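Please open the model in your viewer and keep the selection tool at hand. The stops below go from one element to the next, each with something to select and a description of what is there.

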Amino acid sequence: MVRIAFLLLCHKNAEQVNALIRRLSSENRDFYVHVDAKSSIYNDINWSDKVFPIQNRVAVQWGDVTMCNAEVALMKAAVESGKQYDYYWLISGQDYPIKTNSEIDDFLSARPNVSYININDKASTSHTDKLKRNEIWYPKNKKSIILRIFIKLYEKISGEHRTYSLFKRKNTLGLEFRFGAQWFCLNSDCMHYVYEYIDSHPQLMIFFNHSVVPDECFVQTVIANSEFFDTVHPMLTYVDWSEGKASPKILNEQDFEKLKNSKKLLARKFEEIPVNIKELSKENI
């Protein structure tokens with residue numbers, strides 16, 4: 001039986017979060033839950049002996065290192081729990097399974113040496129564009145309007161796709177940057193390596209304090225510069241980017257056939273879970 005620690009980031013809709021946990025729950029699974037410090041849903045989560053709250057909650061800001069801090073808090077709680085897990089799976093409160101628990105266990109147990117995370121091709125145009133997230137020194141506080149205007153002007157001055165050497169920030173980490181969606185499902189060896197590297201290299205988070213959207217880079221970068229890179233497969237979550245927006249499509253009952261035929265194990269994002277999609281992850285249907 002595959003032992004899974006789910007690392008869950010959430011900030012709204014406690015009822016949906018509780019439904020997600022109920023559906024994924026089984027004897028071999030625990031849930032470590034970070035509720036955004038700005039959120040009011042903490043007391044509405046169904047805490048139990050298998051659902052553990054992160055006590056030192058982070059006020060997460062989009063595009064900021066605070067998202068990384070929340071992820072690391074989840075890693076720390078699970079890795080240092082004294083419990084043994086085969087996989088550590090980072091998900092959001094707007095995810096939902098589209099396969100049964102048995103199907104998920106069977107899939108993971110058949111591939112014990114594989115981890116799942118999207119890491120982009122460094123030869124791609126996307127990689128070239130995203131390097132600017134680290135090549136420019138961004139103010140730590142990205143929330144104020146004035147600083148957002150400053151950042152936009154800074155990006156324009158430094159060029160559309162690459163940073164002029166006059167403005168380019170030195171890579172002090174000695175690592176080759178890689179990028180991808182923040183969500184992952186890492187096996188035990190890979191997760192312990194990532195967490196121990198981050199914990200023993202404080203300069204990593206210091207550097208990413210002045211990057212933008214570092215949550216889509218810091219884990220990928222650690223893995224891509226390690227022996228675990230060759231064990232990585234694409235992420236296990238279905239996401240629909242067909243609308244061409246900055247955020248993925250909100251899935252609904254009309255997406256049933258696509259989700260039913262998908263080989264992915266989870267899907268996102270949902271504002272609520274349609275009844276027909278709930279049926280996909282029911283055992284014995």
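Begin by selecting Phe177 and Phe208, both of which are buried, where buried stands for under 20% relative accessible area, exposed for over 50% and partly exposed for the range in between, with a 1.4 Å probe and protein chains only. Before going further, note that this is a predicted model, in which local features need pLDDT of at least 70 and side-chain atom pairs count only at pLDDT 80 or more, while totals for chains, interfaces and linings use all residues. Residues are numbered from 1 along each chain as its sequence is written, and side-chain values use heavy atoms, with hydrogens and water left out.

**Aromatic pairs**

The structure holds 12 aromatic pairs; rings of Phe, Tyr and Trp (its six-membered ring) pair if their centres lie within 6.5 Å, and planes under 30 degrees apart count as stacked, over 60 as edge-to-face and the rest as tilted. One of them is formed by Tyr32 and Phe52, a tilted pair at 5.1 Å centre to centre with 35° between the planes. This pair links distant parts of the chain, since Tyr32 belongs to strand β2 (residues 29-35) and Phe52 to strand β3 (residues 51-53), 20 residues apart; helices (H or I, at least four residues) and strands (E, at least two) are DSSP runs, numbered from the N terminus. Tyr32 counts as buried at 3% relative accessibility, whereas Phe52 is partly exposed, with a relative accessible area of 22%. Return now to Phe177 and Phe208, whose ring centres are 6.2 Å apart with the planes at 65°, so the pair is edge-to-face. Here too distant parts of the chain are linked, with Phe177 in the loop between α6 and β7 and Phe208 in helix α8 (residues 203-208), 31 residues apart. Finally, add Tyr85 and Tyr88 to the selection of Tyr32 and Phe52, as ring pairs link these four residues into a cluster.

**Strand β4 and its partners**

Next select strand β4 (residues 87-92), which is largely enclosed by the rest of the structure because six of its six residues are buried. Tyr87, Trp89 and Ile91 point one way from β4, while Tyr88, Leu90 and Ser92 point the other way. Strand β1 (residues 4-10) runs parallel to β4 and is joined to it by six bridges; two strands pair if DSSP finds at least two bridges between them. Within this pairing, Leu8 has Ile91 as its bridge partner in β4. The pairing of β4 with β7 is antiparallel and extends over four bridges, and in β7 it is Asn187 that stands opposite Tyr87.

**The nonpolar core**

Which residues have the most contacts inside the largest nonpolar core? They are Met75, Trp89, Leu108, Val194 and Ile223, in a core of 85 residues, a nonpolar core being a set of buried Ala, Val, Leu, Ile, Met, Phe, Trp, Tyr and Cys residues joined through side-chain atoms within 4.5 Å. Helix α2 (residues 65-79) gives the most to this core, with nine residues. Centre the view on Trp89 and, leaving aside neighbours within four places in sequence, look for its contacts (heavy atoms within 4.5 Å), among them Phe6, Leu108, Phe184 and Leu266.

**Trp183 and helix α1**

Move to Trp183, in the loop between α6 (145-157) and β7 (184-187), which counts as buried at 11% relative accessibility. Residues up to four places away in sequence not counted, Trp183 touches several others, including Leu9, Tyr116, Met235 and Arg268. Helix α1 (residues 14-24) is likewise worth selecting: nine of its 11 residues are buried, so it is largely enclosed by the rest of the structure.

**An open sheet and Ser262**

Now display β5, β10 and β9, three strands that form an open sheet in the order β5-β10-β9 with mixed pairing. Because β5 (96-97) and β9 (237-238) stand at the edges with a single partner strand each, one side of each is left without a neighbour in the sheet. Two bridges join β9 to the parallel strand β10 (residues 266-267), with Leu266 in β10 as the bridge partner of Thr237. Ser262 lies in the loop between α10 (256-261) and β10 and is buried, with a relative accessible area of 12%. A polar atom of the Ser262 side chain lies 3.0 Å from the backbone nitrogen of Lys264.

Technical notes
Polar contact = N/O pair within 3.5 Å; in protein donor to acceptor, adjacent residues only side chain to side chain.
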